[in-house]
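Please look over the sequence and the model shown here before reading on. The report that follows describes selected contacts, strand pairings and nonpolar groupings.

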Amino acid sequence: NIGDTNIKIKFENQEYEANIINSQFKFNIPLAKNIKSYYHNISFYAEDEFGNFGDKLTTFYVIPVPTLLETKLNKINYLPSDNVVIVTNLYDQAHDILDRIANVEIRYNNDIIFEKNFSTKEEVNLKLSEFSPPGKHIIETKSESLVSKIEFSIDTVEKIDVSLSGQVLGLRNIGNIRYVNPVSIKANDKV
């Protein structure tokens, strides 16, 4: 039977003490809100009035708690046919990056134009169509009950492609809006 004595507890470079009463002890160690996830060591050392002593090292596990979802783009303004690179980071309470499944949606005028499930450790690449509509697009990323939204814009491109094959003149809209400007055609130096 162990008499009344103290036990020293060491955790994260801090020392705590507890009393051993009737061969038992209880202690509370407040954990920091930003404690690192995964395994931590805690050590115990006890010595009684007769010089008997003992020590023990044990390990406990801190479950990562997702706290922040962040979405970044390679740029904010795009042209049709550009590549949109989406990087999503999911952070735990210690601001360490977690690898989880996420879902990304890109919306234009409340319509979903792109959707994909992916790992938060991988980049999502989207090649825009040459006819991608101009204006504001919204990227919404979801993972572990967290949501991140970011906007990007596609610039207006008003452009036509002109080709001549034999005696056939071809005009093709290669912009992302309707081409409404007048087109002048000269033949034999006459308009």
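## Contacts around Val157

Leaving aside residues up to four places away in sequence, Val157 touches Leu79, Pro80, Gly175, Asn176 and Ile177. The model is a predicted one, and in it Val157 lies in the loop that connects β13 with β14. Although Val157 belongs to a loop, this residue counts as buried because its relative accessible area is 19%, which falls under the 20% cut-off. One of its contacts, Pro80, is separated from Val157 by 77 residues in sequence, while the two C-alpha atoms are 7.8 Å apart in space.

## Pairing of β13

The strand that precedes this loop, β13, comprises residues 146-154 and is joined to β6 as well as to β12. The table sets out the two pairings.

| Partner of β13 | Residues of partner | Direction | Bridges |
|---|---|---|---|
| β6 | 77-78 | parallel | 2 |
| β12 | 135-143 | antiparallel | 9 |

In the parallel pairing with β6, Asn77 has Ser153 of β13 as its bridge partner. On the side of β12, His137 stands opposite Phe152 of β13. β12 and β13 form a hairpin with 2 residues between them, and Glu144, which is in the turn, has a positive phi of about 50 degrees.

## Nonpolar cores

Phe152 also appears in the largest nonpolar core, which has 16 residues; together with Leu73, Val84, Ile86, Val104, Ile106 and Ile139, Phe152 touches the most other members. At least two residues of this core are supplied by each of β7 (83-91), β9 (101-108), β10 (111-119), β11 (124-127) and β13. Apart from this core lies another, of 11 residues, among them Ile9, Ile20, Ala46 and Val62.

Leu73, when residues up to four places away in sequence are not counted, touches Tyr78, Val84, Val85, Ile86, Ile139, Ile150, Glu151 and Phe152.

## A nonpolar patch on the surface

Beyond the loop that holds Val157 comes β14, and here the description turns to the surface. Val162, Leu164, Leu169, Leu171, Val183 and Ile185 make a nonpolar surface patch of about 540 Å², to which β14 (160-165) and β15 (168-173) each supply at least two residues. Is Val162, a patch member placed in strand β14, buried or exposed? Val162 counts as exposed because its relative accessibility is 52%, and the cut-off for that class is over 50%.

Key. Residues numbered from 1 in each chain as written. Predicted model: local features only at pLDDT ≥ 70, side-chain atom pairs only at ≥ 80, totals over all residues. Heavy atoms only, no water. Patch = residues over 30% accessible without salt bridge, like charges linked within 9 Å, V, L, I, M, F, W, Y side chains within 5 Å. Areas by Shrake-Rupley, 256 points an atom, 1.4 Å probe, with all protein chains shown as cover. Salt bridge = Lys/Arg side-chain N within 4 Å of Asp/Glu carboxyl O. Helix = DSSP H or I, 4+ residues; strand = E, 2+ residues; numbered from the N terminus. Buried < 20%, exposed > 50% of the residue type's maximum accessible area, 1.4 Å probe, protein only. Pairing = 2+ DSSP bridges. Contact = heavy atoms within 4.5 Å. Core = buried A, V, L, I, M, F, W, Y, C linked by side-chain atoms within 4.5 Å.
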